[in-house]
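The following exercises concern a protein model with its sequence. Please work through each task before reading its solution.

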Amino acid sequence: MKDAYDAIVVGSGITGGWAAKELCEKGLRTLVIERGRHVEHGKDYITEWLQPWQLTHRGRGEPDLYERDYPIQSKNYAFSEATRHFFVSDREHPYVTPEDKPFRWIRGYQLGGRSLIWGRASWRWSDLDFEANLRDGAGHGVDWPIRYADLAPWYTHVERFIGVSGERLGLPHLPDGELLPAWEMNCAEKVVQRGIERDFPGRRMTMTRVANLTRAHNGRGPCQARNQCARGCSFSGYFSSLSATLPAARKTGRLTVVTDAIVHSVIYDERRDRAAGVRVIDANTKATREYFGGIVFLCASTLGTAQILLNSKSARFPTGLANASGEVGHNLMDHISKAGARGIVPGLEDKYVYGRRPTGTYIPRFRNLGRPGEAKVGFVRGYGIQAGASREGWARGADEPGLGVELKQRLRDPGPWQISLQGYGECLPRHENYVDLDPVRTDQWGMPLLRIHCAWSDNERAIRADVKTQAAEMLERAGCREVETYDEDGPPGFSVHEMGTARMGRDPKTSVLNAHNQAHDVPNLFVSDGACMASSSCVNPSLTYMALTARAVDHAVNELKRHNL
Amino acid sequence: MPPTSSSAIDRREALRRAALVLGGVLSAPMVAGVLAGCEARRAPAGAWQPRALTPDQADLVATIAERILPETDTPGARAVGVHRFIDAMLAEAYAAEERQRFVAGLADVDRRARSTHGRTFLECPAAEQLALLETLDRSADPAFRALKELTLVGYYTSEIGATRELRHVAVPGRFEGCVPLTQVGRTWAV
């Protein structure tokens, strides 16, 4: 058997990097397999130092090209002329959706994956989340096999390493963690914060907890307040696999990284009833080869991992590896977003900001907290609100009448303070939101195309409606003018919080993974990316993925030592 | 001046400026980035030829852009080459239909000049040009608004627009949420 490693990690994004670091630091010779190209921290951030006038199309990009090759990726907020090379070409990486069920699958196929282009919001989940499926009763997924207390030390472990800035709030449903100093609110946000907290008892507005370093941390950063993270950051001012976890793994001398290798399937050894390794397709030559290892971690992203499992067919697992439950590919979730309200914060004309803060503010969930006497609403679960205020810049001149000296003079001063509130709402796990493999069509490497069938349900629509009403009411009461709601009705996928396709659970008949992200059916197979999630919470999931990954590695290595794998 | 020495001066000047905005610390990737920017701008001034537009159309675009954002105590749209940016966008970034719509918009400006004043737009005196454009602007004429928007983008993302007309700091190094506007002085370019 050639190329035998102690552990194989599929994917080098936010969870793959964490799996690699923890496995290597625990003494395992680890192979990380990345389907995309190699990216070197710093050197390959080719647009990092380009100023606006140095970008070929001044940041405007190439609409014609985007329409043809990036119709989905270009809709992502972080996609631009300066970041396009960290997003896939939709034309080269097709997937299938029914006509009436669009799904926006945002992908970054490179070393570091989407950890280069993520939004960096880093919140802990709470028992409001881990008990949600159980509390709702039948029909809304299966109960999480873990509770907050199981994960709390691992959140701490992760936060201490990555560095998260933010405020301590003392909210039971949004637990405090190890926090670096928060970014500062701007003047307009402080006005709105005061108004909301005065008129809506129990509601808070805080700085987003974010993996941007407000001071130097573990030899990285601090963040330079450029707010161009998705171009890559030579200062290591934000957390990514390239800035933090992969270098830590490399330092052990036990890390091997292979790029341009698309995992076709996990090799299942029927005799030993174990995963033996993975079969890969070389992205450049399309040749097939195999890697063998003692344990396998799938960190290929929620949909990538589902695709690999479904494509790993054997006599024992005819519908895909570790799929005795039939749940692999099912229960796909995302968060609702792209709905809320905006308005103008009056006054403060003589105030401005210095620097470009790489994050915004946040109004934690205030619906369905289980508190006595709270408002009855027509939905289960809840939402948080991402908010941000800024003064309008020169671009407002394009929408306003005016020409010549007067226009030029007017745009020398910033415009009014505008504020936007956008809800991020919980999505229910539903069996009918699922992915499978196209029986006929393949991509250029011969991988069956993923078919995604996913749509919002009434509960998500009801959350959406409440987000708009509440956001507008909060802005009105805080004294904003010209308040209007907006609803861009983003299809699922748009929040880039897709999760749930190989869920954790207590019962092997209804879930794919156990309480340690270990496949019920295949003891040396672990899944710790978003696929493992049994519910979606309303807060951003990446910190939870990282904590689950570190915890899963700890369990895997302990089991390995006990010869249980 | 021979091109080598002028580009050497450009490089020194660019690095000096970068050092200023970066607080005097220059790392290797920063130097590489700054110099890459110099390379991109090294085309000699007289040699420019429009690619999507005819020379007359490019002149018309430059003239309209200058009326939208004229020279004041800082250079105007023509001096910073807004028409070159617009021509490049039309040549490289937009689909054929967009290009045709844009060129049709230009023809419409000339048609209006002829029917109102009996001469082409470029032959009209500045005051007539401005009045004609103000009519289009107030009526939110879609073709004109598109040209106006591209003019604003081209101007305020130019080095002069971003750093002399407005304010730009490549590496702020910190964030302060509530400073007197007078401390910054003008709109941030980014």
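The exercises below treat a predicted model, and each task is followed by a stepwise solution.

**Exercise 1. Packing of two helices in chain A**

Task: Determine how H1(A) is oriented relative to H7(A), and describe the contact of H1(A) with H7(A) by residue and by class.

Solution.
1. Locate the helices: H1 covers residues 14-25 of chain A, and H7 covers residues 241-251 of chain A.
2. Take the geometry: the two helices pack at an angle of about 25 degrees, and their axes are 7 Å apart.
3. Classify the angle: angles under 35 degrees count as roughly parallel, and therefore H1(A) is roughly parallel to H7(A).
4. Assign the hand: H1(A) and H7(A) cross in the left-handed sense.
5. List the residues: H1(A) contributes A:Ile14, A:Gly16, A:Gly17, A:Trp18, A:Ala20, A:Lys21 and A:Cys24, while H7(A) contributes A:Ser241, A:Thr245, A:Leu246, A:Ala248 and A:Ala249.
6. Sort them by class: the contact of H1(A) with H7(A) holds 7 nonpolar, 4 polar and 1 charged residues.

**Exercise 2. An open sheet in chain A**

Task: Establish the strand order of the open sheet of 6 strands in chain A, and identify which strands stand at its edges.

Solution.
1. Write the order: the strands run E3-E10-E11-E12-E8-E15 in chain A, with antiparallel pairing.
2. Find the edges: E3 (206-207) and E15 (481-487) of chain A each have a single partner strand, so one side of each lacks a neighbour in the sheet.
3. Examine one edge pairing: E3(A) joins E10 (residues 361-363) of chain A over 2 bridges in the antiparallel sense. Within this part of the sheet, A:Thr206 is opposite A:Tyr362 in E10(A).
4. Add the helix: H10 (residues 458-477) of chain A packs on the sheet, where it touches E8 (339-345), E11 (383-391), E12 (417-425) and E15 of chain A. The direction of H10(A) makes about 10 degrees with that of E8(A).

**Exercise 3. Chain B and two of its helices**

Task: Summarise the make-up of chain B, then decide whether H6(B) and H8(B) are roughly parallel or roughly perpendicular.

Solution.
1. Count the elements: chain B has 10 helices and 1 strand. From the N terminus, they follow the order α-α-α-α-α-α-α-α-α-β-α.
2. Assess burial: 34% of the 190 residues of chain B count as buried.
3. Consider separation in sequence: of the contacts in chain B between residues at least 6 apart, 53% join residues at least 24 apart.
4. Take the geometry of the pair: the axes of H6 (residues 96-117) and H8 (residues 142-156) of chain B come within 9 Å, crossing at roughly 110 degrees.
5. Classify the angle: the range 65 to 115 degrees counts as roughly perpendicular, and H6(B) and H8(B) are therefore roughly perpendicular to each other.
6. List the residues: B:Arg101, B:Phe102, B:Ala104, B:Gly105 and B:Asp108 of H6(B) meet B:Ala143, B:Phe144, B:Ala146 and B:Leu147 of H8(B). By class, this contact has 6 nonpolar, 1 polar and 2 charged residues.

**Exercise 4. The contact between the chains**

Task: Describe the side of chain A that touches chain B, and state how E9(A) and E1(B) pair.

Solution.
1. Count the participants: 49 residues of chain A and 54 residues of chain B take part in the contact.
2. Identify the elements: H2 (63-69), E9 (351-354) and H9 (404-411) of chain A each supply at least two residues to the side that touches chain B. H9(A) gives the most, with 5 residues.
3. Sort by class: this side of chain A comprises 21 nonpolar, 13 polar and 15 charged residues.
4. Examine the strands: E9(A) pairs with E1 (residues 176-180) of chain B over 3 bridges in the antiparallel sense. A:Tyr354 stands opposite B:Glu176 in E1(B).

Conventions:
Residues are numbered from 1 along each chain as its sequence is written. Chains are lettered from A and ligands numbered from 1 in the order in which they are written. This is a predicted model: local features need pLDDT of at least 70, side-chain atom pairs count only at pLDDT 80 or more; totals for chains, interfaces and linings use all residues. Helices (H or I, at least four residues) and strands (E, at least two) are DSSP runs, numbered from the N terminus. Ala, Val, Leu, Ile, Met, Phe, Trp, Tyr, Cys and Pro count as nonpolar, Asp, Glu, Lys and Arg as charged, and the others, Gly among them, as polar. Two strands pair if DSSP finds at least two bridges between them. A residue is buried if 20 or more other C-beta atoms lie within 10 Å of its own, exposed if 12 or fewer, and partly exposed in between; C-beta atoms are placed from the backbone. Two residues are in contact if their C-beta atoms, placed from the backbone, lie within 7 Å. Axes are lines fitted to C-alpha atoms, for helices over the stretch in contact, and angles run from 0 to 180 degrees between N-to-C directions. Angles under 35 degrees count as roughly parallel, over 145 as roughly antiparallel, 65 to 115 as roughly perpendicular and the rest as oblique. A crossing is left-handed if the near helix is turned anticlockwise from the far one by less than a right angle, and right-handed if clockwise.
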